[in-house]
Amino acid sequence: MQSELRTKLMEALSKADGAFISGQEIAEYIGCSRTAVWKHIEDLRSEGYRVEAVRKKGYRIISAPEKVSESEIQLGLETRTIGKMIHYQETVESTQKIAHQLANEGVQEGTLVVAEEQISGKGRLMRSWHSPKYSGIWMSLILRPKIPVHEAPQLTLLAAVAVAQAIEDTTALKPQIKWPNDILVNRKKVVGILTEMQAESDRIHSVIIGIGMNINQQLEDFPEELQEKASSLLIESGETISRSTVIQRALYRLEKLYDLYLKEGFKPIKDLWESYAISLGQVIRASTVNDTIVGKALGITDAGVLLLEDDKGKVHSVYSADIEI
Ligand code: BTN
């Protein structure tokens with residue numbers, strides 16, 4: 001629920017109709033101090049509003065955040081099945097959780113769950129995922145592939161390639177993939193992917209691909225502990241990017257690669273993945289639950305497993321780990 005104060009602030013800025021309104025006038029209208037006005041304007045900015053502030057003139061709204069609702073995504077979407085059904089909510093706990101429920105209810109393949117904000121976004125390895133309002137893409141895609149259960153991790157790698165391609169389609173940036181599916185720009189993480197599966201021992205019911213993309217955050221929008229390692233497309237490119245355009249491209253690329261995968265298998269996807277991979281041929285450190293392996297990254301297997309060669313020449317298969325490059 002929007003606070004009464006926020007409603008008043010929006011009223012004051014709307015009345016100005018794109019012209020400047022002084023901090024003092026806003027403060028009087030709302031009934032708070034000028035410092036409080038400044039703080040609320042900062043909150044607006046962190047939610048994606050562009051607000052100009054000029055000394056002796058005051059504030060004016062330049063643009064409101066673009067949303068990623070069903071219509072914004074579907075207008076101009078060039079896919080056949082992926083994203084044809086969209087479940088959109090402004091605020092959710094986690095799109096992943098909703099996608100699991102919908103998958104259980106039997107929704108069609110390609111159904112997408114998308115939100116403006118997640119209050120308990122889930123990351124890999126039981127971590128949380130910071131998902132502030134209007135500045136990133138928080139979405140989960142439901143697929144129902146007819147493939148053996150053990151091949152499902154290949155879809156995670158496929159998703160990483162599709163998202164890397166979508167970043168190239170919409171920016172001048174050069175994304176790289178860190179095994180298994182972090183996308184980095186200038187060595188900082190801009191995208192995380194979490195793939196979960198509903199399956200019996202021999203049959204996949206659904207694969208849920210959760211994609212979190214940092215798009216229009218400024219550095220100060222990240223919690224301090226993330227500021228060194230994480231980034232957004234805005235920070236790296238210097239440009240505000242349309243989230244719905246990035247979603248459309250990601251869905252388009254996902255569909256193209258998924259079709260290719262179902263027709264020709266993992267080989268073409270693996271080649272593409274390796275073309276984006278960071279640190280192949282270099283020595284990296286993989287921390288697994290029980291162990292830390294330092295070794296040269298040789299590549300991935302057809303099951304998407306990372307191969308690391310240690311200094312004694314022994315090759316280790318890494319199934320799940322935190323990688324330091
Ligand atoms: C990672 O740890 O790198 C994976 C992060 C995945 C985050 C996305 S955001 C959309 C979907 N919903 C979630 O709760 N998590 C995934």
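These are my notebook entries on one predicted model.

**Entry 1: the domains**

I began with the overall layout. The domain assignment splits the protein into domain 1 (4–63), domain 2 (70–275) and domain 3 (279–324). I then looked up the gap between domain 1 and domain 3. Their C-alpha centres lie 52 Å apart.

**Entry 2: what the record says**

I turned to the UniProt annotations, which come from an unreviewed entry. It places a "DNA-binding region" at residues 23–42. In the model, that span is 85% helix and 0% strand. Its end C-alpha atoms are 13 Å apart.

The same kind of record gives "domain: BPL/LPL catalytic" for residues 71–262. Here I found 30% helix and 30% strand. The end C-alpha atoms of this stretch are 29 Å apart.

**Entry 3: around the ligand**

How many residues surround the ligand? I noted 21. The closest are Ser94, Gly123, Gly192, Gly210 and Gly212. I then checked which elements supply two or more residues to this shell. They are helix H5 (95–104) and the strands E5 (121–122), E7 (136–143), E10 (188–200) and E11 (203–214). By class, the shell holds six nonpolar, eleven polar and four charged residues.

**Entry 4: Gly212**

I picked Gly212, one of the closest residues to the ligand. Gly212 sits in strand E11. Is Gly212 buried or exposed? Gly212 is buried, because 24 other C-beta atoms lie within 10 Å, and 20 or more is the cut-off for buried.

Next I listed its contacts, leaving aside neighbours within four places in sequence. Gly212 touches Gly121, Trp129, Ser131, Gly136, Trp138, Val191 and Gly192. I also looked up a distance to Leu272, 60 residues away along the chain. The C-alpha atoms of Gly212 and Leu272 are separated by 21 Å.

**Entry 5: the two annotated binding-site residues**

The unreviewed UniProt entry marks Gln118 and Lys189 as "binding site". I took Gln118 and found it in strand E4 (residues 112–118). Gln118 has 25 other C-beta atoms within 10 Å, so Gln118 is buried. Beyond four places in sequence, Gln118 is in contact with Val92, Glu93, Ser94, Thr95, Ser131 and Trp138. Ser131 and Trp138 also appear in my contact list for Gly212.

Lys189 came next, in strand E10. Why does Lys189 count as partly exposed? Lys189 has 16 C-beta neighbours inside 10 Å, and partly exposed means a count between the limits of 12 or fewer for exposed and 20 or more for buried. With neighbours within four places left aside, Lys189 contacts Asp182, Leu184, Lys229 and Ala230.

**Entry 6: the nonpolar cores**

Last, I looked at the cores. The largest nonpolar core has 67 residues. Those with the most contacts inside it are Leu158, Ala159, Ala160, Val161, Val163 and Ile211. Which helix gives the largest share of this core? I found that helix H6 (residues 153–170) does, with eleven residues. Domain 2 (70–275) and domain 3 (279–324) each give the core at least three residues.

I followed Leu158 outward. Past its neighbours within four places in sequence, Leu158 is in contact with Leu257, Tyr258, Tyr261 and Ile269. Apart from the largest core lies another, of six residues. Leu13, Ile21, Val37 and Tyr59 are among them.

Terms used. Residues are numbered from 1 along each chain as its sequence is written. This is a predicted model: local features need pLDDT of at least 70, side-chain atom pairs count only at pLDDT 80 or more; totals for chains, interfaces and linings use all residues. A residue is near a molecule or strand if its C-beta atom, placed from the backbone, lies within 6 Å of it. Helices (H or I, at least four residues) and strands (E, at least two) are DSSP runs, numbered from the N terminus. Ala, Val, Leu, Ile, Met, Phe, Trp, Tyr, Cys and Pro count as nonpolar, Asp, Glu, Lys and Arg as charged, and the others, Gly among them, as polar. UniProt positions are given in the numbering used here, feature names are shortened, and annotations may be inferred rather than shown by experiment. A nonpolar core is a set of buried Ala, Val, Leu, Ile, Met, Phe, Trp, Tyr and Cys residues joined through C-beta atoms within 7 Å. Domain bounds come from an automatic or database domain assignment. Two residues are in contact if their C-beta atoms, placed from the backbone, lie within 7 Å.
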